[in-house]
Amino acid sequence: MDRRVFLQKAGMGAMALSLPQLPDGVKTTGMGIVVHSYGMRWNSKTPSSAYPGFTNALDLLDHCHQIGAGGAQVVVSDWTADFAKQVRAKRDKLGLYLEGSIGLPKKAEDVPKFEREVVNAKDAGAQVLRTVCSSGRRYETYHSGDAFQELKKNALASLRLAEPVLQKHKVKLGVENHKDWRAPELAAILQQISSEWVGVTLDFGNSIALLEDPMDVIKTLVPFVFTTHVKDMAVEEYADGFLLSEVPLGTGILDIPAIISLCKKHNPAVTFNLEMITRDPLEIPCLTDGYWATFADVPGADLARTLRMVRQHKAKAALPRISQLSADNRLAAEEENILACLSYSKNQIELK
């Protein structure tokens with residue numbers, strides 16, 4: 001399947017069976033919440049009466065409904081068939097959409113487990129799943145060109161194992177640009193897989209860490225978009241490169257309305273899932289030798305452009321630091337950030 005056919009079948013939703021279906025009674029879809037937005041409350045071991053932890057998808061769906069989110073994207077690993085039915089009943093009762101986050105099969109023996117998780121996710125109401133191909137950030141996990149080429153080989157093998165299962169059950173899989181692939185690399189992988197069932201979970205801000213221009217990333221990957229991780233980003237210089245932080249929508253450097261518009265243009269059925277991770281800034285050590293171990297083909301112009309952007313768009317306030325806060329204050333900051341993002345999504349980009 002060439003890119004033009006992919007666009008017709010996957011991007012523009014020419015095949016009705018491939019479009020996500022919303023629960024009965026839902027006319028519009030507000031912004032959903034990625035489970036990682038609640039990194040502190042998900043399976044939390046910190047007791048809190050004000051911000052109790054979420055033990056499973058049912059808890060997360062209840063909370064998403066309470067705060068006015070449109071749905072949730074949640075890990076589906078190790079669900080039973082009975083639990084999937086409970087999630088489906090909860091999703092339908094609350095009028096939310098559901099997406100799953102799933103791991104890929106690494107070898108043929110992993111395919112039956114992968115298929116069970118796909119079936120459980122579909123039975124729970126998910127028609128789109130998100131996945132990643134790497135075990136960590138590229139510049140922290142892979143320390144040579146050979147190691148990164150091995151990742152590419154393994155990722156292709158995993159996606160080829162997964163694709164027949166997705167096709168069989170008519171479930172879409174979006175590979176995230178997860179601080180691992182630069183946009184042309186991920187697009188090339190999808191073209192090799194060449195399936196309407198394998199596309200992109202488009203993260204709005206991750207690829208800044210790989211010295212990519214945010215809008216170039218969007219334009220390269222949006223033809224393949226199934227679902228999204230919506231975020232805004234702020235930047236600041238430090239000795240070895242720059243710091244990168246998720247910040248409430250509308251307070252960072254990304255053109256969120258323009259990105260939303262492009263996503264809708266290429267896939268009218270696309271969902272928008274907030275990934276507002278409340279944490280200390282990430283260090284992007286792009287001025288160190290180790291950072292460049294897997295970036296032999298990245299031109300110096302990309303580094304220069306990124307550092308110029310960092311200097312031109314330095315955050316007016318210091319980037320958020322939360323590690324020094326008390327546990328309850330960290331939980332409060334997490335919830336406040338998410339609520340601020342939902343308010344922006346409803347009032348500024350009209351995702352209601």
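A: Helices, of at least four residues, and strands, of at least two, are DSSP runs numbered from the N terminus, and the model to which they are applied here is a predicted one.

Q: Where, then, is the place of Asp 280?

A: Asp 280 lies in the loop that runs between strand S10 (271-274) and strand S11 (282-284).

Q: Why does Asp 280 count as partly exposed?

A: The class between buried and exposed spans from 20% to 50% relative accessible area, and Asp 280 counts as partly exposed because its relative accessibility is 26%.

Q: Which residues does Asp 280 touch, not counting those up to four places away in sequence?

A: With those neighbours set aside, Asp 280 touches Pro 320, Arg 321, Ile 322 and Ser 323. The side chain of Asp 280 reaches the backbone nitrogen of Ile 322 at 2.6 Å, and a polar contact of 2.6 Å joins it to the side chain of Ser 323.

Q: Which residues of helix H8 are buried, and what covers them?

A: In H8 (residues 214-221), the buried residues include Pro 214, Val 217, Ile 218 and Leu 221; they lie on the same side of the helix because they cover an arc of only 100 degrees around its axis. Their cover includes helices H7 (183-193), H9 (256-266) and H10 (300-312), together with strands S6 (198-203) and S7 (225-230). At the start of H8, a side-chain oxygen of Asp 213 comes to within 3.1 Å of the backbone nitrogen of Met 215.

Q: What is the mean pLDDT of the protein, and where is the pLDDT below 50?

A: The mean is 92, with 92% of the residues reaching 70 or more, whereas over residues 1-28 the pLDDT is below 50. Where pLDDT is low, the predicted coordinates should not be read in detail.

Technical notes: Residues numbered from 1 in each chain as written. Predicted model: local features only at pLDDT ≥ 70, side-chain atom pairs only at ≥ 80, totals over all residues. Heavy atoms only, no water. Buried < 20%, exposed > 50% of the residue type's maximum accessible area, 1.4 Å probe, protein only. Arc of directions from axis to C-beta. Contact = heavy atoms within 4.5 Å. Polar contact = N/O pair within 3.5 Å; in protein donor to acceptor, adjacent residues only side chain to side chain. pLDDT = per-residue confidence, 0-100.
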